[in-house]
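Here are my notes for you, written as numbered points. Keep the structure open next to them and find each residue as you read.

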Amino acid sequence: MEYLKVLIVDDEPPAVENLCTMIDWEGHGFQVVATAGNGKKALELYDQFLPDIIMTDIRMPVMDGISLIDAIQKRSNRLVKFVLLTAYKEFGYVKEAMQLGVKDYLLKHEIHAESLVCVLDRFRQEIL
């Protein structure tokens, strides 16, 4: 089975750990290939791993999630699906991200295994 590759980007290590352990990624057909604490590091990892899905926090030091999405879209014509992760109902940021092609966002304090799998499965159908 070929897994869809996922990159998780968040400056809060507990949030990254929670996402990495929330579901059986490989059991659902996905592989977390890397994690990063800011957009700049994520951009380097993107070039290395070419993930299919990037889950990124909006607010981070060095480079925020919106800038990361914009940079990836400008440097690559690959189909990449983005999910915004946020601790806030930052609808201004979400609206800006949607204009960049982001398909979904998850509120960190409301993420649970079922909602995560639902988003991932929808993305798998769009990618494959």
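1. Let's begin with Glu 26, which is partly exposed, with a relative accessible area of 40%. That value falls between the cut-offs, since buried means under 20% and exposed means over 50%. Glu 26 sits in the loop between helix H1 (13-22) and E2. Do keep in mind that this is a predicted model. How far apart in space are Glu 26 and Val 16, C-alpha to C-alpha? They are 17 Å apart, with their positions 10 residues apart in sequence.

2. Now zoom out to the sheet. It is an open one, made of 5 strands in the order E2-E1-E3-E4-E5, and the pairing is parallel. Strand E2 (30-36) and strand E5 (104-107) are at the edges with a single partner strand each, so each has one side without a neighbour in the sheet. On average, and ignoring direction, neighbouring strands here are turned by 20 degrees against each other.

3. Something also packs on this sheet: helix H2 (residues 39-49), which touches strand E1 (4-9), E2 and E3. The direction of H2 makes about 140 degrees with that of E2.

4. Strand E3 deserves a careful look. 5 of the 5 residues of E3 are buried, so this strand is largely enclosed by the rest of the structure. Which residues point which way? Ile 53, Met 55 and Asp 57 point one way, Ile 54 and Thr 56 point the other way, and all are buried.

5. Next, the partners of E3. With E1, strand E3 pairs in the parallel sense over 4 bridges, and Leu 7 has Ile 54 in E3 as its bridge partner. On to E4: 5 bridges join strand E3 (residues 53-57) to strand E4 (residues 81-86), and the two run parallel. Here Met 55 has Val 83 as its bridge partner, while Thr 56 stands opposite Leu 84.

6. How do you get from E3 to E4? Follow the chain through helix H3 (residues 65-75): E3, H3 and E4 make a right-handed β-α-β unit.

7. You may want to pause at Lys 81 in strand E4. Is Lys 81 buried or exposed? Its relative accessible area is 7%, so Lys 81 counts as buried, the cut-off being under 20%. The side chain of Lys 81 makes a polar contact with the side chain of Glu 126 (2.6 Å). Leaving aside neighbours within four places in sequence, the residues in contact with Lys 81 include Asp 52, Lys 103, Phe 123 and Ile 127.

8. Finally, the nonpolar cores. The largest one has 21 residues, and the members that touch the most others are Leu 7, Val 9, Ile 54, Leu 68, Ile 72 and Phe 82. E1, E2, H2, H3 and E4 are the elements that give two or more residues to this core, and H3 supplies the largest share, 5 residues. Look at Leu 7 as an example: not counting residues up to four places away in sequence, Leu 7 touches several residues, among them Ala 34, Ala 42, Leu 45, Tyr 46 and Ile 54. There is also a second, separate core of 20 residues, which includes Trp 25, Ile 53, Ile 111 and Val 117. Notice that Ile 53 belongs to this second core, whereas Ile 54 is in the largest one; recall that Ile 53 points one way from E3 and Ile 54 the other.

How values were computed. Residues are numbered from 1 along each chain as its sequence is written. This is a predicted model: local features need pLDDT of at least 70, side-chain atom pairs count only at pLDDT 80 or more; totals for chains, interfaces and linings use all residues. Side-chain values use heavy atoms; hydrogens and water are left out. Two strands pair if DSSP finds at least two bridges between them. Axes are lines fitted to C-alpha atoms, for helices over the stretch in contact, and angles run from 0 to 180 degrees between N-to-C directions. Contact means heavy atoms within 4.5 Å. Buried means under 20% relative accessible area, exposed over 50%, partly exposed in between (1.4 Å probe, protein chains only). A crossover is right-handed if, with the strands pointing away from the viewer, the path from the first strand over the helix to the second runs clockwise. A polar contact is a pair of N or O atoms within 3.5 Å; within protein, one must be able to donate a hydrogen and the other to accept it, and residues adjacent in sequence count only if both atoms are side-chain atoms. A nonpolar core is a set of buried Ala, Val, Leu, Ile, Met, Phe, Trp, Tyr and Cys residues joined through side-chain atoms within 4.5 Å.
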